[in-house]
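Please open the structure in your viewer and keep the sequence panel beside it. The stops below take single residues before a whole chain.

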Amino acid sequence: MFKLNLKIAWRNLWKNKGYTFINILGLSISLASCILIFIFVRYELSFDKNFENSERIYRVVSQWKYADGNEFYSQGVPRPLAPAMRNDFAQLEKVAAVQQGGGTLKIKAQNGRAEIKDFEMTFYLEPSFFEIFKYQWLSGNPNQSLTEPNAMVLTEKTANKYFGDWHKALGSTINLDNETNFKVTGVIKDTEPNTSFPLKVILSYASYLDKNSKSWGSVSSNSECYVLLQKGINIKDLDKPLAQFIKKYYVEEAPGKESNSFQSLGDIHFNDKYGNFNQATTSYKQLIGISIIGLFLLLTACINFINLATAQAISRSKEVGVRKVMGSRRKQLIWQFLSETTLITFIALLLACVFTELALPAMESLFGAEVTFGLFTHPIIFVFLLAMLVLVSFLAGLYPAMIMSGFSPALAIKNRVSSANAGGVGLRKTLVVIQFSITAILIVSTLVIIKQMSFIRDKSLGFDTKAVAIIELPSDSLSLLKYNSFKSQLLAKKGVKNVSFNGSAPSSSNNNETSFTYNSSKTADFQVNTKIADETYLETFGLSLVAGRSLSKSDTIKEFVVNETFLKKLNVKNPNEAIGKIVKLWGKSGPIVGVVKDFNNYSLHESISPIALFSFKDRASTLAIKLESKELLSTMTDIEKTFNNTFTNNVYDVSFLDDQIANYYHTEQIMGTLFKVFAGVVIFISFIGLFGLISFIATQRTREIAIRKVLGASNLELIRMLNSSFIWMVLIANMIAWPIGYILVKQWLSGFQYRIELNVWPFVIAMVISVLITLITVSIRSYKAAVANTIDALKYE
Amino acid sequence: MIQLNNIEKYYANKGVKSYILRHVTTTIKQGEFVSIMGPSGAGKSTLLNIIGMLEEPTYGTYEFLGEDVTTLNERKRIELYRNHIGFVFQAYHLIDEMTVYENIEAPLLYKKIGSSERASRIADLLDRFNIVAKKDLFPNQLSGGQQQLVGIARALAAQPSIILADEPTGNLQSAQADEIMNLFKKLNQEDGITIIQVTHSEKNATYGNRILHIADGVVKDDVKVIV
């Protein structure tokens, strides 16, 4: 029986090739999108889950509360925190301090291999880190390899890269930043990409210069601390001891009240309040957002399916009637129709796998993650596919099967089943309305996202971002001596307009805040964002002054330039009033000599901070070069040559300011692309679904159309007749979509401090697009029906 | 075999009853060949549908094989379809997606008959109706007469005790119609299968041995055909 059903199903599909094609195409595209989304979500959720004892591992993080209500969060902790915790908490089995650094590694030429220079992130780790996180050691072990100063451990891949074969790496030396020689004492297996610890080069914590720091007042996001709870201890049990701990150690006066808390390992990848060493967090909000899109896609495809199947039901009513009088139970008929749906879904799923495979490279580059469609490496994907097969078969197949199997045989045999019996025109209309609502919501969201993104791109940040190259210079004492000659060499080049040594660009992810005094000995109740600059900083970045002058040439802190927000926060109305007032920070004091016009120092998600600019040559190791945009490329190669000649031991590392800034919106760009693609897919699916539906309706109403023609209706009138109900449905769908879309985009936009004003246009455009699509689809098909030969339709069946 | 008592069928519309059948009382015995005749709209097909349990009477009782079947649940009704009743339709109603062979096989599958038994019964029927050569064709590749032969073969496959035929020759040319009617007569006389047919044609009615004349929902006449 089952075999026969399958055979019949196949023949039925073949007979209605057109609709089968529409069904399968729509279904497979949306299934492929769902699979892609699932693969991505699975990959993201798998972060940091592979470690043993992961439920007992926590990271200590810091937060500050300010008098003005501001809060500030950091993934880092004061450096003395780790030893203090180890000492004070018996509930912690292990405590490990982690210090991130980076530098130029030099591997000497050997056995025919040329010398290798490489800029790489380094991690100073305590041996206990590896007792918290279990890594596989190919050679050595944490307690021997990482106890001595100047010991280095590499991952297998890195060791292979530097030495050809990791076995050769053992015992070799690697020079860091032209200063220290490290001895390779161990090799660990490579880490998976789905981890927040991108370990490559590990140095023993004993080699870290500032390891014995006693300063509880400064926190760098590069200093983290991990702990492993004792078995049987609940993290809640630590609340009280932690409060005491905070009270005991944070005794210094500071404008913000600092405290620490424990963040579970599982939260690190998903909480964007704190960062991580992998520089990537994916909030659950994002994952839920993208999952909802997946659900939308699946829903639209199922709606297509149901619509086509119930429309088709009428033509199959006779078969149902005959089968019933031959002795078929309703249940058997339901199974028959379900097996047909399953067959279609199965074919669509196979196709979807092909589409997924094709789309994977594009997705990898979009997310910058190595996601794979490995059925065997991740059996969960296989389970997901199976679940999709069952879910879609039932979701899409059950209702039509119930309707079709419910036909009364007496009516069915006489071909008297009308669309009214075939599962309510009302339901079909409702489904179309839902489908178009989803389409309209996605169109609105996509338009708003595109508009906001272009707003961000085009919004003036208050400084010049175009054609500014940023080069990180080595900051060792020897290199510092070369700065001036390097600068004059650069300025001599034709394509170079200006050069500035500084700590960071006007907008940078590298920020530092500090407390200060203004015109008194009292510490201000907010902190100021410090930017190390030089006499050419304002010119190079195109910043403009509203009062006073630029900084004069100096190697140390001598005078200050502040921004308008700084004065606003201090309630200074007239910028000229501020000139000459004394500011004291970092233990140095000097007068304010200029006030710079406000510029955005963070991404447009955030508002402008109070900022103070000052000179400090020893820490100004970032070089900004304003270039002539016409001769950009040739000048850049020229600059690279000069760099390599000047700083022979270092790696040339250049980026452009506008790229750096574009990077702030990486997540938004991904979201934008996703919305564009998936809105396109949903529009396409709705479009073909509509085409299928109108085809059936046209066939069904052939008789009526023919009769109307005989009665004198023109083709145009017929097309209008067939169009009208669909246009109404689309209009209603838009009415439903507007408030939902409005709430969603409003929510999204509220994440930006600087955003576009929501107006009516995206909504109107969404309506116009959906009405146009409907008109085109319905008209094409109904024209065919209208011009069909009248006599054929009126012949007795 | 069939006992109809005071069968009525009407549709109520805004309080006005429009009758299709009124006071139909009759008995049909095993082995009879009954033709139901009457003008269009007289209620012939409705009566046949009630006998075939495709419609329920509004009033009255109906006993099939001594059992009251006026209101029967789906399961029991399907049991009767599987074992006792075979339908033949004016428009043949073969399943378009199935071959001749599969169409005949379908009721046997529902009856859960073993595959060897199935094969032999179908072979027997194909042989008997001279359609062996056509067994792998689809309905739309056959002439109307041939389709109806398949329809009858399908009705017979489950070895029913009664065949209900609604204008079985209505769509056929007269030569083919004669062939079908002869087949019915033979089935009735040689195999003892009870046959009830609805027909317009006086000539077709003479193949049977009893005629029920219906007009306006009422049995006007019940005559025996004397050969």
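## Cysteines, then chain B

Begin by selecting A:Cys225, which counts as buried because its relative accessibility is 0%, and bear in mind throughout that this is a predicted model.

Go next to A:Cys302, which at 3% relative accessibility also counts as buried, since buried means under 20%. Now show the sulfur atoms and ask which cysteine sulfur is closest to that of A:Cys302. The closest one belongs to A:Cys34, at 8.9 Å, and this is too far for a bond because a disulfide needs the two sulfur atoms within 2.5 Å. If you extend the search over all chains, you will find zero disulfides in the structure.

Now select chain B and colour it by secondary structure, where seven helices and 10 strands can be followed. Turned along its principal axes, the set of C-alpha atoms of chain B fills a box of roughly 55 × 40 × 35 Å. How does the radius of gyration of chain B agree with that of a compact globule? For 227 residues such a globule would have a value near 17 Å, and chain B, with 18 Å, agrees with this.

Switch chain B to a surface display: the accessible surface comes to about 10000 Å², and 47% of it belongs to carbon and sulfur atoms. Beneath that view, 54% of the 227 residues of chain B count as buried. If you display contacts in chain B between residues at least 6 apart in sequence, 69% of them join residues at least 24 apart.

Finally, colour the charged side chains of chain B, 24 positive and 27 negative, and note that the centres of the two sets lie 3 Å apart.

Note on methods: Residues are numbered from 1 along each chain as its sequence is written. Chains are lettered from A and ligands numbered from 1 in the order in which they are written. This is a predicted model: local features need pLDDT of at least 70, side-chain atom pairs count only at pLDDT 80 or more; totals for chains, interfaces and linings use all residues. Side-chain values use heavy atoms; hydrogens and water are left out. Helices (H or I, at least four residues) and strands (E, at least two) are DSSP runs, numbered from the N terminus. The radius of gyration is taken over C-alpha atoms; the globule rule is 2.2 Å times the number of residues to the power 0.38. Buried means under 20% relative accessible area, exposed over 50%, partly exposed in between (1.4 Å probe, protein chains only). Contact means heavy atoms within 4.5 Å. Accessible areas come from the Shrake-Rupley method with a 1.4 Å probe; for residues, only the protein chains shown count as cover. Lys and Arg count as positive and Asp and Glu as negative; His and the chain ends are not counted. The place of a charge is taken as NZ of Lys, CZ of Arg, CG of Asp or CD of Glu.
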